[in-house]
Amino acid sequence: DEVHFTDRETELLQYICTEMTYKEIADKMFVSPRTIDGYRDALFDKLDVKSRVGLAIYAVKNGIVTF
């Protein structure tokens, strides 16, 4: 099945592949760190991964983030 992401989830995945902390990402996205936690946890469930590294690997493998 194809996974569909909101614009915010896609944006978060792109930031997750950087050295930025979750707090820095929250500042960039103009939301609270708690909101970032919610987006992240939703992505964990959606993609069945357990860590930031898992999210980053998924994003790169699926072309969401390119370098």
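**Briefing: F67, helix α2, positive-phi residues and salt bridges**

F67 sits in the segment that follows α4 (52–61). The model is a predicted one. The points below cover F67, the buried face of α2, two residues with positive phi, and the salt bridges.

**F67 after α4**

- F67 has a relative accessible area of 79%, and because the cut-off for exposed is over 50%, F67 counts as exposed.
- Apart from neighbours within four places in sequence, the residues in contact with F67 are C17 and V60.
- F67 and H4 are 63 residues apart along the chain, and their C-alpha atoms are separated by 22 Å.

**Helix α2 and its buried face**

- Helix α2 covers residues 22–29, and I25, A26 and M29 are buried in it.
- Viewed down the axis of α2, these buried residues fall within an arc of 100 degrees, so they line one face of the helix.
- The elements that the buried residues of α2 pack against are α1 (7–16), α3 (33–47) and α4.
- K23 and D27 also belong to α2, where they are 4 residues apart, which means a separation of about one helical turn.
- The side chains of K23 and D27 form a salt bridge, with an N to O distance of 3.3 Å.
- D27 is partly exposed, because its relative accessibility is 46% and the partly exposed class runs between 20% and 50%.

**Residues with positive phi**

- F30 comes just after α2 and has a positive phi of about 60 degrees, although F30 is not a glycine.
- The loop that holds F30 is the one between α2 and α3.
- The relative accessibility of F30 is 77%, so F30 counts as exposed.
- D48 is likewise not a glycine, and its phi is positive at about 55 degrees.
- The loop between α3 and α4 is where D48 lies.
- D48 counts as exposed because its relative accessibility is 65%, with the cut-off set at over 50%.

**Salt bridges**

- The count of salt bridges in the model comes to 5; those described in this briefing include the K23 and D27 pair in α2.
- In helix α1, E11 and R8 are 3 residues apart, about one turn of the helix.
- E11 and R8 form a salt bridge in which the closest N and O atoms are 3.0 Å apart.
- E11 is partly exposed at 23% relative accessibility, and R8 is partly exposed with a relative accessible area of 28%.
- R40 and D41 form a salt bridge, the closest N and O atoms being 3.4 Å apart.
- R40 is buried, because its relative accessible area is 15% and buried means under 20%.
- D41, the partner of R40 in this salt bridge, is partly exposed at 37% relative accessibility.
- A network of salt bridges links D37, R40 and D41.

How values were computed. Residues numbered from 1 in each chain as written. Predicted model: local features only at pLDDT ≥ 70, side-chain atom pairs only at ≥ 80, totals over all residues. Heavy atoms only, no water. Helix = DSSP H or I, 4+ residues; strand = E, 2+ residues; numbered from the N terminus. Buried < 20%, exposed > 50% of the residue type's maximum accessible area, 1.4 Å probe, protein only. Contact = heavy atoms within 4.5 Å. Arc of directions from axis to C-beta. Salt bridge = Lys/Arg side-chain N within 4 Å of Asp/Glu carboxyl O.
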